[in-house]
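Here's a quick briefing to read alongside the structure. Have the sequence handy, and let's go straight to the rings.

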Amino acid sequence: MPENKDVSEIRNVVIQVFKNWSSMNPDTNDPWYLANDKTVLFDINPMQDIGWKTQKNRLQQVFNDFEYFNMVPNKDLTVHQLGDLAWATTTWKYKIRLKDGKHFSDEGRGTFVLQRKDRKWLVVHDHISRPTT
């Protein structure tokens, strides 16, 4: 059975968010995140940012040390929708090359909560984590 239009749009938002992170320019995700100072976003380090602007500014500092970054959702991206609310879950992989030449790769998991506002799906919360080994 084909996905309904909203589920397809939500899936595309999450995929676009990953592509935009890979651009190493946090501003590219402005259209997809709720821009307020109360949005709680969970990340690997630090554990949380309060407000989209806070996360955006912190990530720009992180990306300043990167020469290359690629973060890709796996094929297990799943979307659930209830009216104007939705959540998406996925595992992902990333590769990093720092300006000092060091390379890293890893995988993790993510959950995105979205809300439809003015006919557009926006991320109102995300939770990105890696398993500890």
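Trp92 and Tyr94 are both buried. This is a predicted model, so take everything below as computed from it. Rings come first, then the core, one helix, the salt bridges and a loop with unusual backbone angles.

**Aromatic rings**
- The structure has 9 aromatic pairs in total.
- With ring centres 5.5 Å apart and planes at 25°, Trp92 and Tyr94 make a stacked pair, because planes under 30 degrees apart count as stacked.
- Phe63 and Phe69 also sit with their ring centres 5.5 Å apart, but their planes are at 45°, so this pair goes down as tilted.
- Like the rings of the stacked pair, which are buried, Phe63 and Phe69 are buried too.
- Those two pairs belong together: Phe63, Phe66, Phe69, Trp92 and Tyr94 make up one aromatic cluster.
- Elsewhere, a charge meets a ring: Lys120 lies over the face of Trp32, 5.0 Å from the ring centre.

**The nonpolar core**
- As a rule, nonpolar side chains in soluble globular proteins tend to be buried together.
- Here, the largest nonpolar core counts 28 residues, and Trp21, Tyr33, Phe69, Met71, Phe112 and Leu114 have the most contacts inside it.
- Two or more residues each come from α1 (5-22), α2 (52-63), β3 (66-73), β5 (85-98), β6 (103-117) and β7 (120-129).
- Which element gives the largest share of this core? That's α1, with 7 residues.
- Phe112 is a good place to look around: beyond its neighbours within four places in sequence, it touches Val14, Val17, Phe18, Tyr33, Ala86, Trp87, Ala88, Val123, His125, Asp126 and Ile128.

**Helix α2**
- This helix has 12 residues and runs 16 Å from first C-alpha to last, close to the 16 Å expected at 1.5 Å a residue.
- Its buried residues are Trp52, Gln55, Lys56, Arg58, Leu59 and Phe63.
- The cover over those buried residues includes α1, β1 (40-42), β2 (48-50), β3 and β7.
- Gln55 deserves a closer look: it is part of α2, and its relative accessible area is 2%, so it counts as buried.
- Setting aside neighbours within four places in sequence, Gln55 is in contact with Trp21, Tyr33, Leu41, Asp43, Asp49 and Asp126.

**Salt bridges**
- The count comes to 8 salt bridges.
- Lys5 and Glu9 meet in one of them, at 3.0 Å from N to O.
- Lys5 and Glu9 are 4 residues apart in helix α1, which means about one helical turn lies between them.
- Lys5 is exposed at 64% relative accessibility, while Glu9 is partly exposed at 27%.
- Asp27 pairs with Lys56, their closest N and O atoms being 3.2 Å apart.
- Why does the Asp27 and Lys56 pair tie together separate parts? Asp27 lies in the loop between α1 and β1 and Lys56 in helix α2, so the two parts joined are 29 residues apart in sequence.
- In that pair, Asp27 is partly exposed at 44% relative accessibility, whereas Lys56 is buried at 14%.
- Arg130 forms a salt bridge with Asp106, with closest N and O atoms 3.0 Å apart.
- That bridge links distant parts of the chain, since Arg130 is in the segment after β7 and Asp106 in strand β6, 24 residues apart.
- Arg130 is partly exposed, with a relative accessible area of 33%, and Asp106 is partly exposed at 31%.
- There is also a network of salt bridges, linking Asp6, Asp84 and Arg116.

**The loop between β6 and β7**
- Asp118 isn't a glycine, yet it has a positive phi of about 50°.
- Arg119 isn't a glycine either, and its phi is positive at about 65°.
- Where do they sit? Asp118 is in the loop between β6 and β7, and Arg119 is found in the loop between β6 and β7 as well.
- Asp118 is exposed, with a relative accessible area of 78%, and Arg119 is exposed with a relative accessible area of 78%.

Notes:
Residues are numbered from 1 along each chain as its sequence is written. This is a predicted model: local features need pLDDT of at least 70, side-chain atom pairs count only at pLDDT 80 or more; totals for chains, interfaces and linings use all residues. Side-chain values use heavy atoms; hydrogens and water are left out. A nonpolar core is a set of buried Ala, Val, Leu, Ile, Met, Phe, Trp, Tyr and Cys residues joined through side-chain atoms within 4.5 Å. Buried means under 20% relative accessible area, exposed over 50%, partly exposed in between (1.4 Å probe, protein chains only). Contact means heavy atoms within 4.5 Å. The expected span of a helix is 1.5 Å times one less than its number of residues. Rings of Phe, Tyr and Trp (its six-membered ring) pair if their centres lie within 6.5 Å; planes under 30 degrees apart count as stacked, over 60 as edge-to-face and the rest as tilted. A charge sits over a ring if NZ of Lys or CZ of Arg is within 6 Å of the ring centre and within 35 degrees of the ring normal. A salt bridge is a side-chain nitrogen of Lys or Arg within 4 Å of a carboxyl oxygen of Asp or Glu.
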